[in-house]
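This report goes through one structure helix by helix, then turns to the loop and to selected residues.

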Amino acid sequence: MNDYLSLIASIIVLIGSLFILISAIGILKMPDLFLRMSATTKAATLGVGLVLIGTSVYFFEIGVAARSFIIILFLFLTAPIAAHMIGRAAYKEGVKLWDKTIVDEIKDKYKQTKTE
């Protein structure tokens, strides 16, 4: 039975690592700050969560599972809020949107200053 748990844990950690890799590629390939932040927040949070779940499955102890759950809960609560606040601050400071951005829902809320 321990071999099955090791295999399941390995698969979950591998999937989490792939999400983290996708997040890293998103940082390099996305054209502006806001898209980079979106890729990082979503994919990296999910990736770290899966790695922690895989760790919990591998060790199969209540203490490890509890710590992993608390860390996952903390990440899922704080990462979106932090990304939202950073995005709003960047927009307010005048960080340029991507040239092909179609919808700017908060343009009337802030006067965008141009940074050079």
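## Basis

Helices here are DSSP runs of H or I with at least four residues, numbered from the N terminus. By that definition, A24 lies in helix α1. The model is predicted.

## Helix α1

Helix α1 covers residues 2–29. Its 28 residues reach 40 Å from the first C-alpha to the last, close to the 40 Å expected at 1.5 Å a residue. The buried residues of α1 are L5, A9, I12, G16, S23 and G26, and they pack against α2.

An α-helix has 3.6 residues a turn, so residues three or four places apart point the same way. On the surface, L14, L18, L21 and I25 make a nonpolar patch of about 380 Å². One of these, L18, lies in α1 and has a relative accessible area of 45%. L18 is therefore partly exposed, as this value falls between the 20% limit for buried and the 50% limit for exposed. A24, also in α1, is partly exposed as well, with a relative accessible area of 37%. From A24 to F74 the C-alpha separation is 21 Å, and the two are 50 residues apart in sequence.

## Helix α2

Helix α2 spans residues 33–59. It has 27 residues and reaches 38 Å from its first C-alpha to its last, close to the 39 Å expected at 1.5 Å a residue. Buried residues in α2 are F34, M37, A39, T41, A43, T45, G47, G49, L50, L52, G54 and S56. Their cover includes α1 and α3.

Which two rings form an edge-to-face pair with centres 5.1 Å apart? The count of aromatic pairs comes to 2. In one of them, the rings of Y58 and F59 have centres 5.1 Å apart and planes at 85 degrees, so this pair is edge-to-face; the angle passes the 60 degrees required for that class. Y58 is partly exposed, at 46% relative accessible area. F59 also counts as partly exposed, with 45% relative accessibility.

## The loop after α2

α2 is followed by F60, which has a positive phi, near 50 degrees. F60 lies in the loop between α2 and α3. Most residues other than glycine have a negative phi. The value for F60 is positive in a residue other than glycine.

Is F60 buried or exposed? Its relative accessibility is 61%, so F60 counts as exposed.

## Helix α3

Helix α3 (residues 62–93) has 32 residues. From its first C-alpha to its last it reaches 46 Å, close to the 46 Å expected at 1.5 Å a residue. In α3 the buried residues are V64, S68, I72, A79, A83, G87, A90 and Y91, and what covers them includes α2. Just after α3 comes G94, with a positive phi of about 95 degrees.

## Two residues of α3

A79 lies in helix α3. Its relative accessibility is 17%, so A79 counts as buried, the limit being under 20%. Which residues does A79 contact, leaving aside its neighbours within four places in sequence? On that basis, A79 is in contact with T41 and T45. Both T41 and T45 are buried in α2. A79 and T45 are 34 residues apart in sequence, and their C-alpha atoms are 7.3 Å apart in space.

L75 lies in helix α3 too. At 23% relative accessibility, L75 counts as partly exposed. With neighbours within four places in sequence left aside, L75 is in contact with T45, V48 and P80. T45 therefore appears among the contacts of A79 and of L75, where contact means heavy atoms within 4.5 Å. In contrast to these contacts, the C-alpha atoms of L75 and I11 are separated by 21 Å, with their places 64 residues apart along the chain.

Key: Residues are numbered from 1 along each chain as its sequence is written. This is a predicted model: local features need pLDDT of at least 70, side-chain atom pairs count only at pLDDT 80 or more; totals for chains, interfaces and linings use all residues. Side-chain values use heavy atoms; hydrogens and water are left out. Patches are made of residues with over 30% relative accessible area and no salt bridge: like charges are joined within 9 Å, nonpolar side chains (Val, Leu, Ile, Met, Phe, Trp, Tyr) within 5 Å. Accessible areas come from the Shrake-Rupley method with a 1.4 Å probe; for residues, only the protein chains shown count as cover. A salt bridge is a side-chain nitrogen of Lys or Arg within 4 Å of a carboxyl oxygen of Asp or Glu. Helices (H or I, at least four residues) and strands (E, at least two) are DSSP runs, numbered from the N terminus. Buried means under 20% relative accessible area, exposed over 50%, partly exposed in between (1.4 Å probe, protein chains only). The expected span of a helix is 1.5 Å times one less than its number of residues. Rings of Phe, Tyr and Trp (its six-membered ring) pair if their centres lie within 6.5 Å; planes under 30 degrees apart count as stacked, over 60 as edge-to-face and the rest as tilted.
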